[in-house]
Amino acid sequence: MITGQENRYPIKCSNSGNEPQISYPFRVKDRQGEGGYPGFDLTCNTLGETVLRLPQSGEFLVRKIDYVNKEIRLYDQDGCLARRFQQQNLNINLSPFEGFGFRTFNFANCPPSATSHPPDELAGKFLDVRCFNEDTKTIVFPVSPTSTSDSKISQVLTRLGCVIKAPITIPVPLNAVRDVYKYGFDDLYLTWIDPKKPPDSDRKGLVMLIIAVITVIIALIGFYIKMGKRCETHQY
């Protein structure tokens, strides 16, 4: 249930929990049609959770919106963002959002023994993803086409019985741009560039200008009508 009046800021999808405040450039779809900017439409689901739909990538729940640093944090409603990355090609190109940076990762399905006591070559080189709930263990490790150590990691994992999936490139938070191992695949971090003004501001300005011009014209017509009547009276 929407908290607050329509077309008023800020509002929340729910007072319970930690739902983010929604204000410009975001808007609650069909509730604040003139208050936000196209592409920043949010919806509230039946549980009072804030939802953002990315074109071609589906719906994500919104954990936090930082208006100062222009950061929005999204998470998967099923609690496994890593699995969603693996199964779906994330595309933010059709949205107004962009990543702070991008990193490429390989997913690997490994027997539990491969990561419970990893060899020295793997120490600190992979991220353990625990939400897949499969018989095999899923790990993620960053890859770089120019790094020889990455290819060695792949060789070691293959030797341990791991099946390595195709690499995927995803947006990462700012701290993971500097140190990729600080990203735990908990949230999807995106940023945006503030629109300069609401999309209807030019139209509104034009309407106001037209109204002003019409008002002046009406006033001038009234003035000339009065002057014409005065001239007729003097002639008589």
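**Ala82 and strand β5: exercises**

Leaving aside residues up to four places away in sequence, Ala82 touches Phe107, Val129, Phe132 and Phe185; a contact means heavy atoms within 4.5 Å. This is a predicted model, where local features need pLDDT of at least 70 and side-chain atom pairs count only at pLDDT 80 or more, while totals for chains, interfaces and linings use all residues. Residues are numbered from 1 along each chain as its sequence is written, and side-chain values use heavy atoms, with hydrogens and water left out.

**Exercise 1. Place Ala82 in the structure: which helix holds it, and is it buried or exposed?**

Step 1. Find the element. Ala82 lies in helix α1, residues 81–87. Helices (H or I, at least four residues) and strands (E, at least two) are DSSP runs, numbered from the N terminus.

Step 2. Check the surface. Ala82 has a relative accessible area of 1%, so it is buried. Buried means under 20% relative accessible area, exposed over 50%, and partly exposed in between (1.4 Å probe, protein chains only).

Step 3. Look along the chain. Asp187 is 105 residues from Ala82 in sequence. In space, their C-alpha atoms are 9.2 Å apart.

**Exercise 2. Describe the whole protein: how many helices and strands does it have, and what share of its residues is buried?**

Step 1. Count the elements. There are 5 helices and 12 strands.

Step 2. Take the burial. Of the 236 residues, 37% are buried.

Step 3. Weigh the contacts. Take those between residues at least 6 apart in sequence: 62% of them join residues at least 24 apart.

**Exercise 3. Trace the open sheet: in what order do its strands lie?**

Step 1. Read the order. The 7 strands run β1-β2-β3-β4-β5-β12-β6, with mixed pairing. Two strands pair if DSSP finds at least two bridges between them.

Step 2. Find the edges. They are β1 (27–28) and β6 (97–98), each pairing on one side only.

**Exercise 4. Work out the surroundings of β5: which strands are joined to it by bridges?**

Step 1. Start with β4, residues 58–66. It runs antiparallel to β5, and 5 bridges join the two. Ile65 has Ile72 as its bridge partner in β5.

Step 2. Inspect the turn. β4 and β5 make a hairpin with 4 residues between them. In that turn, Lys70 has a positive phi of about 55 degrees.

Step 3. Turn to β12, residues 188–192. It is joined to β5 (residues 71–75) by 4 bridges, again antiparallel. Glu71 has Thr191 as its bridge partner in β12, and Arg73 stands opposite Tyr189.

Step 4. Test for cover. In a regular strand the side chains alternate between the two faces of the sheet. One side of β5 carries Glu71, Arg73 and Tyr75, the other Ile72 and Leu74; all are buried. With 5 of its 5 residues buried, β5 is therefore largely enclosed by the rest of the structure.

**Exercise 5. Judge the confidence: where in the protein is it highest, and where lowest?**

Step 1. Take the average. The protein has a mean pLDDT of 81, and 78% of the residues score at least 70. pLDDT is the predictor's confidence in each residue, from 0 to 100.

Step 2. Compare elements. Confidence is highest in β5, at 97, and lowest in helix α5 (residues 201–235), at a mean of 63.

Step 3. Check the start of the chain. Residues 1–7 have a pLDDT below 50. In the model, this stretch has 20 contacts beyond near neighbours in sequence.
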